[in-house]
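Let's take a walk through this structure together, starting from the inside and working outwards. Have your viewer ready and follow along.

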Amino acid sequence: MKPYDLFVSTFVIGCISLTLVNQNARAVAIDNNRSLQQSEPMPQLLAQTTQATSQDQILNTINSLTPTQQQQITSIFQSSQPAIDQKTDQLQTALTALMQSLTPTTPASTISAAHQKVISIAQQRNQLYFNRLLKIREVLTVQQRSQLNQAVRALNSYSQPDSDQIDVLVSTATSLTPAQTQQITQIVNNDQPAIDRKTQQLQAALQSFDRSLQPNTPASAISTAHSQVIDTAIQRNKLYFDRLLKIREVLTVEQRTQINQAINALASL
């Protein structure tokens with residue numbers, strides 16, 4: 001891979017890593033139809049769960065729900081929603097703080113702390129969603145659980161930046177000096193082995209989680225497998241983000257501004 005391509009790839013991956021934890025949350029999120037009224041587009045990490053499966057979609061997905069089951073599921077949504085709404089508000093605040101921290105002169109330690117705050121709250125909200133899913137699973141029959149598992153697998157996907165986003169990132173690399181290019185290449189080469197190992201661990205955790213989604217598997221076992229996925233994803237997220245901050249340190253103020261704009265664009269779709 002050419003040094004120029006390494007630069008672009010690193011920033012694509014680094015920016016995407018901001019959304020990694022919540023994309024895992026989408027695999028277990030069963031959101032209601034709460035309307036988030038905002039004056040500006042919500043960042044991607046927060047907005048994606050609004051596309052997750054709603055209560056009505058769950059009721060329509062699972063065949064032969066009895067009136068009692070429907071009532072139980074509705075009750076589960078109603079009782080769990082206040083805590084989820086509260087955590088969503090906290091996540092919005094943390095995301096706003098992260099975006100505001102992305103100024104050219106902000107110390108890397110400050111950006112890292114803001115990023116970790118986002119990831120921590122996202123993990124907490126993820127757990128609320130997942131706990132709700134397990135509660136719903138407990139009121140279903142074996143056959144119905146299989147249908148719910150299919151919906152979970154369908155939600156367990158990762159988005160990729162489109163060509164316009166990539167073009168923005170490519171444009172930020174045009175003013176790199178040969179020395180900067182060499183430094184960035186060295187950072188990428190040094191950090192890639194650890195990222196590759198964590199990626200393999202994440203793939204294994206996802207496979208284990210998928211295997212756990214059997215109708216007769218105890219909820220505790222599924223929860224354990226899910227926690228392993230989230231913990232590993234967070235660890236890989238930090239590796240990506242730390243690499244992004246290392247690369248940021250070799251850039252000029254003008255280059256940092258361009259990159260911050262690209263990060264904001266990727267996090268606001």
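In this predicted model, the largest nonpolar core holds 23 residues, and Ile-73, Leu-140 and Phe-209 are the ones that touch the most other members. The elements that contribute two or more residues to this core are α4 (55-61), α5, α6, α9 (178-212) and α10. Try centring your view on Ile-73: leaving aside residues up to four places away in sequence, Ile-73 touches Leu-59, Leu-65, Ile-136, Val-139 and Leu-140. There is also a second, separate core of 14 residues, with Ala-122, Phe-241, Leu-244 and Leu-245 among them. As general background, nonpolar side chains in soluble globular proteins tend to be buried together.

Now for the helices themselves. Helix α5 (residues 67-101) and α6 have axes that come within 9 Å and cross at roughly 170°. Angles over 145 degrees count as roughly antiparallel, and α5 and α6 are therefore roughly antiparallel to each other. Sorted by class, the residues in the contact of α5 with α6 are 18 nonpolar, 7 polar and 5 charged.

Helix α6 (residues 108-138) also meets helix α10 (residues 219-249): their axes come within 11 Å, with a crossing angle of roughly 160°. That angle makes α6 roughly antiparallel to α10. The crossing of α6 past α10 is right-handed. In the contact of α6 with α10, 11 residues are nonpolar, 10 are polar and 7 are charged.

Next, turn to helix α9, where you will find Gln-203. Is Gln-203 buried or exposed? The answer lies in between: Gln-203 has a relative accessible area of 45%, and buried would need under 20% while exposed would need over 50%, so Gln-203 is partly exposed. Gln-203 also makes a handy marker for a distance across the sequence, since you can pair it with Thr-232 in your viewer. Gln-203 and Thr-232 lie 29 residues apart in sequence, and their C-alpha atoms are 9.4 Å apart in space.

Finally, zoom out to the whole protein. How many helices and strands are there? The protein has 11 helices and 0 strands, and reading along the sequence gives the pattern α-α-α-α-α-α-α-α-α-α-α. Of the 269 residues in the protein, 51% are buried. Among contacts with a separation of 6 or more, 84% join residues that are 24 or more positions apart.

Conventions
Residues are numbered from 1 along each chain as its sequence is written. This is a predicted model: local features need pLDDT of at least 70, side-chain atom pairs count only at pLDDT 80 or more; totals for chains, interfaces and linings use all residues. Side-chain values use heavy atoms; hydrogens and water are left out. Axes are lines fitted to C-alpha atoms, for helices over the stretch in contact, and angles run from 0 to 180 degrees between N-to-C directions. Helices (H or I, at least four residues) and strands (E, at least two) are DSSP runs, numbered from the N terminus. Angles under 35 degrees count as roughly parallel, over 145 as roughly antiparallel, 65 to 115 as roughly perpendicular and the rest as oblique. A crossing is left-handed if the near helix is turned anticlockwise from the far one by less than a right angle, and right-handed if clockwise. Ala, Val, Leu, Ile, Met, Phe, Trp, Tyr, Cys and Pro count as nonpolar, Asp, Glu, Lys and Arg as charged, and the others, Gly among them, as polar. A nonpolar core is a set of buried Ala, Val, Leu, Ile, Met, Phe, Trp, Tyr and Cys residues joined through side-chain atoms within 4.5 Å. Buried means under 20% relative accessible area, exposed over 50%, partly exposed in between (1.4 Å probe, protein chains only). Contact means heavy atoms within 4.5 Å.
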